[in-house]
Amino acid sequence: MHFVPDVSTLAAFFLAAVVLTITPGPDMTLFLGRTLSFGRAAGLAAMLGASSGILVHTSLAAFGISALIAASPEAFLVLKIVGAAYLVFLAVQAIVSGSALNLGAGRQGGGQSIVRHWLTGLGINLLNPKIILFFVTFLPQFVSASDPHAAGKLVFLGLFFIAVALPLTIPMIFVAERLSATLMRRPKVTRAIDWLFAGVFSAFALRILFAQAK
């Protein structure tokens, strides 16, 4: 199959994907936060939403649209501002209606719908300019520009990235779900986690604002 890279390329990409997956980021913060607040289904929905965002970014990178966005200072500035604002919004949400308030409601079936959790995961992924830069600068390193099947290989690598990330991320969600039962009995701890998540989202918002298109 022409769109499948060779074994050595796949091995190198696999190692890079593992490192990138286990490195903390806004996506992982969202998965764990939603799991603690609303349960495993919510965490998995947010994770699948972010994975859907990766599919979009992969398609854009394969057809050059992401490169055009990253190369345009105006478009990149707008993307940074919107992405940072979205993370700040999530940070405020963590404080106003975080896990300390919603753990019980989430277990009883209240709170946000699965679709909303999925959309939140999708939004936090699509509005992160660092992810666009990743797919513009990182993925092409594993595909030759002169390869007539370059677009197909980029799409394959994007799907392969998801296949690598899911087995690493899902266990984190299951562990977080187990911890939630304990945290429900300790509201002070859950409130501290709310502030921790808010701080992490705010920090990533600052990092996005200072991201440079290269």
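User: Before turning to Lys-153, which relative accessible area counts as buried?
Analyst: This structure is a predicted model, and the term is applied here to its protein chains only. A residue is exposed when its relative accessible area is over 50% and partly exposed in between. Buried means under 20%.

User: Is Lys-153 buried or exposed?
Analyst: Lys-153 lies in helix α9. Its relative accessibility is 16%, and the cut-off for burial is under 20%. Lys-153 therefore counts as buried.

User: Which residues is Lys-153 in contact with, leaving aside its neighbours within four places in sequence?
Analyst: Lys-153 is a residue of helix α9. Beyond the excluded neighbours, the contacts of Lys-153 are His-2, Phe-3, Val-4, Pro-5, Val-143 and Asp-147.

User: Is Arg-34 buried or exposed?
Analyst: Arg-34 is found in helix α2. Leaving aside neighbours within four places in sequence, its contacts include Leu-90, Gln-93, Gln-112, His-117 and Thr-120. Because its relative accessible area is 8%, Arg-34 is buried.

User: What distance separates the C-alpha atoms of Thr-9 and Gln-141?
Analyst: Thr-9 belongs to helix α1, residues 7–22, and is buried at a relative accessible area of 16%. Along the chain, Thr-9 and Gln-141 are 132 residues apart. Their C-alpha atoms are separated by 9.7 Å.

User: How far apart are the end C-alpha atoms of residues 154–175?
Analyst: The unreviewed UniProt entry annotates residues 154–175 as one of its transmembrane regions. In the model, the chain over these residues is 100% helix and 0% strand. The end C-alpha atoms are 32 Å apart.

User: Which elements give two or more residues to the lining of the second largest pocket?
Analyst: The second largest pocket has a volume of about 170 Å³. Of its twelve lining residues, the closest to the centre are Met-28, Thr-29, Leu-32, Leu-196 and Phe-197. The elements that give two or more residues are α2 (26–38), α9 (150–184) and α10 (187–209).

User: How many residues of the lining of the second largest pocket are charged?
Analyst: The lining holds ten nonpolar residues and two polar ones. The number of charged residues is no more than that division leaves: no charged.

User: Where is confidence lowest in the protein?
Analyst: The protein averages a pLDDT of 78, and 83% of the residues score at least 70. Over residues 100–110 pLDDT stays under 50, although the model has 24 contacts there beyond four places in sequence. Where pLDDT is low, the predicted coordinates should not be read in detail. Confidence is highest in helix α7 (residues 114–126), at a mean of 91, and lowest, at 45, in helix α6 (residues 99–107).

Methods. Residues are numbered from 1 along each chain as its sequence is written. This is a predicted model: local features need pLDDT of at least 70, side-chain atom pairs count only at pLDDT 80 or more; totals for chains, interfaces and linings use all residues. Side-chain values use heavy atoms; hydrogens and water are left out. UniProt positions are given in the numbering used here, feature names are shortened, and annotations may be inferred rather than shown by experiment. Helices (H or I, at least four residues) and strands (E, at least two) are DSSP runs, numbered from the N terminus. On a 1 Å grid over the protein atoms alone, a cavity is a set of points where a 1.4 Å probe fits but cannot get out, and a pocket is an open set with protein on both sides within 12 Å along at least five of seven lines; lining residues have an atom within 4 Å of a point. Grid points are joined across faces, edges and corners, and a volume is the space filled by probe spheres set on the points. Ala, Val, Leu, Ile, Met, Phe, Trp, Tyr, Cys and Pro count as nonpolar, Asp, Glu, Lys and Arg as charged, and the others, Gly among them, as polar. pLDDT is the predictor's confidence in each residue, from 0 to 100. Contact means heavy atoms within 4.5 Å. Buried means under 20% relative accessible area, exposed over 50%, partly exposed in between (1.4 Å probe, protein chains only).
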